[in-house]
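This briefing covers the arrangement of two chains, their sheets and selected local features. The sequence and structure come first, followed by notes grouped by topic.

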2 protein chains.
Amino acid sequence: MLTAMTTGHVFIAVSLDGYIARLDGAIDWLVESWPEVGHDYGYAEFIGNVDGLVMGRATFEKVLTFPTWLYEKPVVVLSQTLHASDVPPALEGRVRISAAEPAELMQELHRDGWRRAYIDGGKVIRSFMAQGLIEDLVITRLPILIGTGLPLFGGALDADIRLSHIETTTHTSGFVQSRYAVIR
Amino acid sequence: MLTAMTTGHVFIAVSLDGYIARLDGAIDWLVESWPEVGHDYGYAEFIGNVDGLVMGRATFEKVLTFPTWLYEKPVVVLSQTLHASDVPPALEGRVRISAAEPAELMQELHRDGWRRAYIDGGKVIRSFMAQGLIEDLVITRLPILIGTGLPLFGGALDADIRLSHIETTTHTSGFVQSRYAVIR
């Protein structure tokens, strides 16, 4: 019998060459390309429909450098190296560290009452995808090539993963946003 | 004074993870995903508007394995290793080998009367892009992740390359086709 699990959902921006950040994690190319002020590309609606976030250590350390904490919802940081004491006091009760395997975590989150989790960060997204834990993805593609960087996808898979294209919307910024559901 | 050059144009299909072929060059994932029989995704119109093709050795050797020669228009194969004698007799006069540098070739083709060239193959597209020789690209993205393969993009650039999004069309196959112009 299949154990009930939280479903994983992705909402991410990539360069036309498929990167989510430069090699050093910089997202200047993304932030500076945001010409439609006041337009959130559906982010508020997306985040309103998840019960919390799951991200890796690298993404966590990146968002910690931002001037304010971005998330009202609970965040789980997947890491084999961080400990509870690595969570800044101001974020206690809002962020927890977990060393669980992806499927194990999704069962645990389901027991905690999460129906939908926002899965973020390249490495975490790829491992959740490879293990069939992602239900759908919203990918916003920016019209820029940055050459090198941290990729969203890539890395050997046991088998091809087919997706169903749900919809694509284009924006005057040149951003092309596509929603896909993973086919099981 | 700038020497007049033929402009470069790209028309290519990629997986959602940005590959144009598997590591061994296989495009089974692309061919088998073509559910709209009789629908050419604008290829005939595109090819009707170029004066010829420029491709690399790898792409040339791949298309030579197809049951019939695909191109009615002249083809230039960029290679430092192939020679005129590597062109099969049946293709003499239709295919020529060139060891020219990209910009040099585009000036040469302009003198030959080519206004627009179809630039094909990952490596050749990347080098022409990096040298500012591509005017626009039509990228058809298939809803499949293949994990590893030959990438369309990637590799250090002297500077980011910004593009202008012209249009995106979606198809019932799940293919998302976007046209971009390179911003100079």
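In this predicted model, B:G18 is the residue of chain B that comes closest to the rotation axis, with its C-alpha at 3.4 Å. A turn of 180° with a shift of 0.0 Å along the axis lays chain B on chain A with an RMSD of 0.0 Å. The two copies are thus related as by a two-fold rotation axis.

**Interface between the chains**

- The contact involves 27 residues of chain B and 27 residues of chain A.
- On the side of chain B that touches chain A, at least two residues each come from β8 (144-145), β10 (161-170) and β11 (176-182) of chain B.
- The strand that gives the most to this side of chain B is β10(B), with 7 residues.
- Sorted by class, the side of chain B that touches chain A holds 13 nonpolar, 11 polar and 3 charged residues.
- Of the interface residues of chain B, 100% are also interface residues in chain A, so the copies meet through the same surface.

**Sheet built mainly on chain A strands**

- The strand order β5(A)-β4(A)-β3(A)-β6(A)-β1(A)-β7(A)-β11(A)-β10(A)-β8(B) describes an open sheet of 9 strands with mixed pairing.
- At the edges stand β5 (95-98) of chain A and β8 of chain B; each has a single partner strand, so one side of each is left without a neighbour in the sheet.
- Across the chain boundary, β10 (residues 161-170) of chain A and β8(B) run antiparallel and are joined by 2 bridges.
- In this strand pair, B:L145 in β8(B) is the residue opposite A:I161.
- Within chain A, strand β7 (residues 134-142) and strand β11 (residues 176-182) run antiparallel, joined by 6 bridges.
- A:R141 has A:V176 of β11(A) as its bridge partner.
- Helix α3 (residues 57-64) of chain A lies across β3 (52-56), β4 (75-78) and β6 (116-120) of chain A, and runs at about 105° to β3(A).

**Sheet built mainly on chain B strands**

- A second strand order, β8(A)-β10(B)-β11(B)-β7(B)-β1(B)-β6(B)-β3(B)-β4(B)-β5(B), likewise describes an open sheet of 9 strands with mixed pairing.
- Its edges are β8 (144-145) of chain A and β5 (95-98) of chain B, each with a single partner strand, so one side of each is left without a neighbour in the sheet.
- The pairing of β8(A) with β10(B) is antiparallel and spans 2 bridges.
- A:I144 has B:R162 in β10(B) as its bridge partner.
- Helix α4 (residues 102-111) of chain B packs on this sheet, where it touches β1 (7-15), β3 (52-56), β4 (75-78), β5 and β6 (116-120) of chain B, and its direction makes about 160° with that of β4(B).

**Strand β7 of chain B**

- In strand β7 (residues 134-142) of chain B, 7 of the 9 residues are buried, so the strand is largely enclosed by the rest of the structure.
- With β1(B), β7(B) pairs in the parallel sense over 8 bridges, and B:I139 in β7(B) stands opposite B:I12.
- With β11(B), β7(B) runs antiparallel and is joined by 6 bridges, and B:Y180 in β11(B) stands opposite B:L137.

**Helix α4 of chain A**

- The buried residues of helix α4 (residues 102-111) of chain A are A:P102, A:L105, A:M106 and A:L109.
- These residues cover an arc of only 100° around the axis, which puts them on the same side of α4(A).
- The elements covering the buried residues of α4(A) include β1 (7-15), β3, β4, β5, β6 and α5 (122-130) of chain A.
- A:G113, just after α4(A), takes a positive phi of about 95°.

**Tyrosine 41 in each chain**

- A:Y41 has a positive phi near 55° although the residue is not a glycine.
- The position of A:Y41 is in the loop between α1 (28-31) and α2 (43-48) of chain A.
- A:Y41 has 18 other C-beta atoms within 10 Å and is partly exposed.
- In chain B, B:Y41 has a positive phi of about 60°, and it too is not a glycine.
- The loop between α1 (28-31) and α2 (43-48) of chain B contains B:Y41.
- B:Y41 counts as partly exposed, with 18 C-beta neighbours inside 10 Å.

How values were computed: Residues are numbered from 1 along each chain as its sequence is written. Chains are lettered from A and ligands numbered from 1 in the order in which they are written. This is a predicted model: local features need pLDDT of at least 70, side-chain atom pairs count only at pLDDT 80 or more; totals for chains, interfaces and linings use all residues. Copies are superposed by least squares on the C-alpha atoms of residues with pLDDT of at least 70 in both. Two residues are in contact if their C-beta atoms, placed from the backbone, lie within 7 Å. Helices (H or I, at least four residues) and strands (E, at least two) are DSSP runs, numbered from the N terminus. Ala, Val, Leu, Ile, Met, Phe, Trp, Tyr, Cys and Pro count as nonpolar, Asp, Glu, Lys and Arg as charged, and the others, Gly among them, as polar. Two strands pair if DSSP finds at least two bridges between them. Axes are lines fitted to C-alpha atoms, for helices over the stretch in contact, and angles run from 0 to 180 degrees between N-to-C directions. A residue is buried if 20 or more other C-beta atoms lie within 10 Å of its own, exposed if 12 or fewer, and partly exposed in between; C-beta atoms are placed from the backbone. The arc is that of the directions from the helix axis to the C-beta atoms.
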